[in-house]
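Welcome, and please have a look at the sequence and the model shown below. The paragraphs after them will lead you through a few places, one at a time.

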Amino acid sequence: MKHLFTLGGLLLTSTFSNAAPKITVAAGDYERRNTIVSFPFKDAKGKALRAAGGTLLPLQSRGDTAFFILPQLEKGTAAAFDIVEGPASGNSVDAKRDGAKVKFTLNGKPVFDYQAEPGELPREDIKKSYVRGGYIQSVWSPSGRLVTDDFPPNHIHHHGIWFPWTKTEFEGRHPDFWNMGSETGRVEFVALNDFHGGPVFGGLTSQHQFVDMIAKPAKIALNEAWQVQLFNAGNGTWIFDLLSTQKCASDSPLKLPKYHYGGLGIRGHRDWNGAGKTQFVTSEGIEGTKANETRGNWAWMGGLVDQMTTGIAVLGHPQNFRAPQPFRAHPSEPFLCLAPSQLGDWEIKPGEDYISRYRFIVRDGAPDKDELNRLWNDYAHPPQVTIEK
């Protein structure tokens, strides 16, 4: 019996039995190299994939989905793998709780921290309303250089990688979940459901809530779930995914009028602050602040850290709302945002999940446009997997 699945950035659920002895992976129209591949398979513990010639590839499952890293496959070709008993594999990707944070490492190197419960404010003169949890607090490059910032002095409400909305309407009120100093809205950490490591990936799931502080008493407008996965994709590159699911917490929608920012935000290294110090490049070849209010499949932001160029790219999934989503590239600060509200009024409605998928690529050196296009194709047009039973 054969079942065909198109897989990749989407996490699928399936009741497929874990007794399948073989899979076939078809590259499709793209060259594959260190590509993240997934397929329905319930329990990969103690299992591996054996390629022709006997090479074993680690296999790891989460829920009903298994993942592995495909080393190489030319476009238009296919490769078969047997599912076999595999040797015990250590946690190449590790996740450890450290106070209010979950720290992720890959082969012992720090990659990013997730700030769960709110941490300490960096200065005594900052209002307590700015305290925040539920975001990716720090991202490091493979060389160990810090790529993001937290509580920057000129925008203390910016935090690594975070996801608030700015201009909103909720039940006739206008809470601002982005500018926390206004004390009209805030995004709160609720719970860390789990965190895990493994040979192929590590990750976490968590819960947040968007609170309207204008309402008396305060009222929750949205509930949000995060799923974060860091992959052991090798090749001097960090690759991690963020899946955000936002739901109305009541029968009232959250209306989002047209606005130039709000949504997924990334705050770059403090050394990039100041006109001309931050570099931006998009999939459309637009560079610098000309990238502002343009659209593309991906955008890269970077600059010099300890005399080396390094940076972070965000890849938007083609199934995201209004994909390719517009960018906000700040004219004088290291700030990048994917802002669907630039394209006009919209709303998150009761009973309809608002799902956003992003992949992050962190590398040292200048941005390689061809490589980023290849990685976006892996994410947006993943290999097809045929399972034989």
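**A walk through the model**

Gln115 has its bridge partner in β12, and that partner is Tyr135. This pair is a good place to start, and please keep in mind that the model is a predicted one. The bridge belongs to the pairing of strand β11, residues 109-115, with β12, which is antiparallel and has four bridges. In general terms, the strands of a sheet pair through backbone hydrogen bonds, either parallel or antiparallel. Now stay with β12 for a moment: is the strand largely enclosed, and why? Strand β12 covers residues 135-139, and five of its five residues are buried, so the rest of the structure largely encloses it.

Next, find another set of strands. Here β3, β7 and β6 form an open sheet of three strands, in the order β3-β7-β6, with antiparallel pairing. At its edges are β3 (32-40) and β6 (60-62), each of which pairs on one side only. From one strand to the next, the twist averages 35°. Look more closely at β3 and β7: the latter covers residues 65-73, and eight bridges join the two antiparallel strands. One place to see this pairing is Phe39, whose bridge partner in β7 is Ala66. As a general aid for your eye, the side chains of a regular strand alternate between the two faces of the sheet.

Let us move from strands to empty space. Rolling a probe the size of a water molecule over the atoms shows where such space is left. The largest pocket holds about 280 Å³ of space. Its lining has 16 residues, and those nearest the centre of the pocket are Gly46, Lys47, Leu59, Ser89 and Pro199. Two or more lining residues come from each of β4 (47-50), β5 (56-58) and β6. Of these, β5 gives the largest share, with three residues. Strand β6 should be familiar by now, as it is also an edge strand of the open sheet. Sorted by class, the pocket lining has nine nonpolar, five polar and two charged residues.

There is enclosed space as well. How many cavities of 30 Å³ or more does the count give? The count comes to one, and the largest cavity holds about 40 Å³ of space. Around this cavity you will find Asn34, Ala233, Gly234, Asn235, Thr237, Ile239, Glu371, Arg374 and Leu375. Helix α1, residues 369-380, gives the most to this lining, with three residues. By class, the cavity lining divides into three nonpolar, four polar and two charged residues.

What about the cysteines? The count of disulfides is zero. Take Cys248: its closest cysteine sulfur is in Cys337, and because the two sulfurs are 20 Å apart, they are too far from each other for a bond. Cys248 counts as buried, as its relative accessibility is 15%, and Cys337 is buried too, with a relative accessible area of 0%. The cut-off for buried is under 20% relative accessible area.

The last stop is a loop. Between β22 (308-316) and β23 (327-329) lies a loop that contains Pro326. Is this proline buried or exposed? Pro326 is buried, because its relative accessible area is 1%. From Pro326 you can also look across to Asn273: the two are 53 residues apart along the chain, and their C-alpha atoms are separated by 22 Å.

Key. Residues numbered from 1 in each chain as written. Predicted model: local features only at pLDDT ≥ 70, side-chain atom pairs only at ≥ 80, totals over all residues. Heavy atoms only, no water. Pairing = 2+ DSSP bridges. Axes fitted to C-alpha atoms, helices over the stretch in contact; angles between N-to-C directions. 1 Å grid on protein atoms, 1.4 Å probe; cavity = no way out; pocket = protein on both sides within 12 Å on 5 of 7 lines; lining within 4 Å. Points joined across faces, edges and corners; volume = space filled by probe spheres on them. Nonpolar A, V, L, I, M, F, W, Y, C, P; charged D, E, K, R; others polar. Disulfide = S-S within 2.5 Å. Buried < 20%, exposed > 50% of the residue type's maximum accessible area, 1.4 Å probe, protein only.
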